[in-house]
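Student: I'd like a close look at a single part of this model, along with the surroundings it belongs to. Please take it slowly and give me the cut-offs as you go.

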Amino acid sequence: MAEGVVSLTPQEAVIYLMVLTSASDGAIKDEELRTIGRVVRSFPLFSEDDEQNLVKVAEACGALMSSDGGLHKVLEAAAKALPSHLCETAYAAAVDVVTADENLDVTEIRVLELIRDVLKIEDEGAQAIEHAARARHMTVNGTA
């Protein structure tokens, strides 16, 4: 499978992981799309060029995901593209997207586990990232 791995920049890898987590429950929701845009606009990793190319990169990810073995191709390409110091950043972006709609299902949890495994995120780091994401999405009513 290694000969067929798509070559991504670290920025594209993070976008691919966000799109993958968003689509994992079968639908990309508006809240998730807004979160992907917010992440690309606000994380220091990204530039204005990344924001302008977001739709093109997301579409390329969708095409790869719909290919045979697409989930694993996306995971493998992202892991290959990300230097170790950006793995927690990528996981944080994916967690932000999956928690944006305030509804975490089993498929989304499983995809996060796969991302955590492929990026070699330690349990303590993953728990801290997930806790911070819940805190960021908390509302006045006390729901996340």
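Tutor: Happy to; we'll start from one helix and one residue in it, then follow the contacts outwards.

A word on the ground rules. This is a predicted model, where local features need pLDDT of at least 70, side-chain atom pairs count only at pLDDT 80 or more, and totals for chains, interfaces and linings use all residues. Residues are numbered from 1 along each chain as its sequence is written, and side-chain values use heavy atoms, with hydrogens and water left out.

Our part is helix 2, which covers residues 30-42. Helices here are DSSP runs of H or I with at least four residues, numbered from the N terminus. The 13 residues of helix 2 should span 18 Å at 1.5 Å a residue, and the end C-alpha atoms are indeed 18 Å apart. (The expected span is 1.5 Å times one less than the number of residues.)

Within helix 2, the buried residues are Glu32, Thr35, Ile36, Gly37, Val39 and Val40. Buried means under 20% relative accessible area, exposed means over 50%, and partly exposed lies in between, with a 1.4 Å probe and protein chains only. The cover over these residues includes helix 1 (10-23), helix 3 (48-52), helix 4 (54-65), helix 6 (87-99) and helix 7 (106-118).

Glu32 deserves a pause. Despite being buried, Glu32 has no salt bridge, and Lys29, the nearest side chain of opposite charge, is 4.4 Å away. A salt bridge needs a side-chain nitrogen of Lys or Arg within 4 Å of a carboxyl oxygen of Asp or Glu. For charge, Lys and Arg count as positive, Asp and Glu as negative, and His and the chain ends are not counted. Setting aside residues up to four places away in sequence, Glu32 touches Ser22, Asp25, Ala27, Val97, Ala100, Asp101 and Glu108; contact means heavy atoms within 4.5 Å.

Where does the side chain of Lys29 meet a salt-bridge partner? That partner is Asp25, at 2.4 Å from N to O. Lys29 is partly exposed at a relative accessible area of 27%, and Asp25 is partly exposed too, at 22%. Asp25 is thus on the contact list of Glu32 while bridging to Lys29.

Now to the neighbours, beginning with helix 1. Its 14 residues reach 20 Å from first to last C-alpha, close to the 20 Å expected at 1.5 Å a residue. Ten of the 14 residues are buried, so helix 1 is largely enclosed by the rest of the structure. Among them are Ala13, Ile15, Leu17, Val19 and Ser22. The buried residues of helix 1 pack against helix 2, helix 4, helix 5, helix 6 and helix 7.

Next come helix 6 and helix 7, whose axes come within 11 Å and cross at roughly 175°. That crossing makes helix 6 roughly antiparallel to helix 7. Axes are lines fitted to C-alpha atoms, for helices over the stretch in contact, with angles from 0 to 180 degrees between N-to-C directions; under 35 degrees counts as roughly parallel, over 145 as roughly antiparallel, 65 to 115 as roughly perpendicular, and the rest as oblique. Tyr91, Ala94, Val95 and Val98 of helix 6 meet Glu108, Leu112, Ile115 and Arg116 of helix 7. Glu108 is one of the residues that Glu32 touches.

Arg116 lets us follow helix 7 further out. Arg116 is buried, with a relative accessible area of 17%, and its side chain forms a salt bridge with Glu130 (3.1 Å, N to O). This pair links distant parts of the chain, as Glu130 sits in helix 8 (residues 123-136) and Arg116 in helix 7, 14 residues apart. Apart from neighbours within four places in sequence, Arg116 is in contact with Tyr91, Ile121, Asp123, Ala126 and Glu130.

Helix 7 also holds a salt bridge between Arg110 and Glu113, with the closest N and O atoms 3.2 Å apart. Both lie three residues apart, about one turn of the helix. An α-helix has 3.6 residues a turn, so residues three or four places apart point the same way. Arg110 is partly exposed at 43% relative accessible area, and Glu113 is partly exposed at 29%. The whole structure has four salt bridges.

Finally, Lys120 lies in the loop between helix 7 and helix 8. Its phi is near 60°, a positive value in a residue other than glycine, and Lys120 counts as exposed at 67% relative accessibility.

How values were computed: Helices (H or I, at least four residues) and strands (E, at least two) are DSSP runs, numbered from the N terminus.
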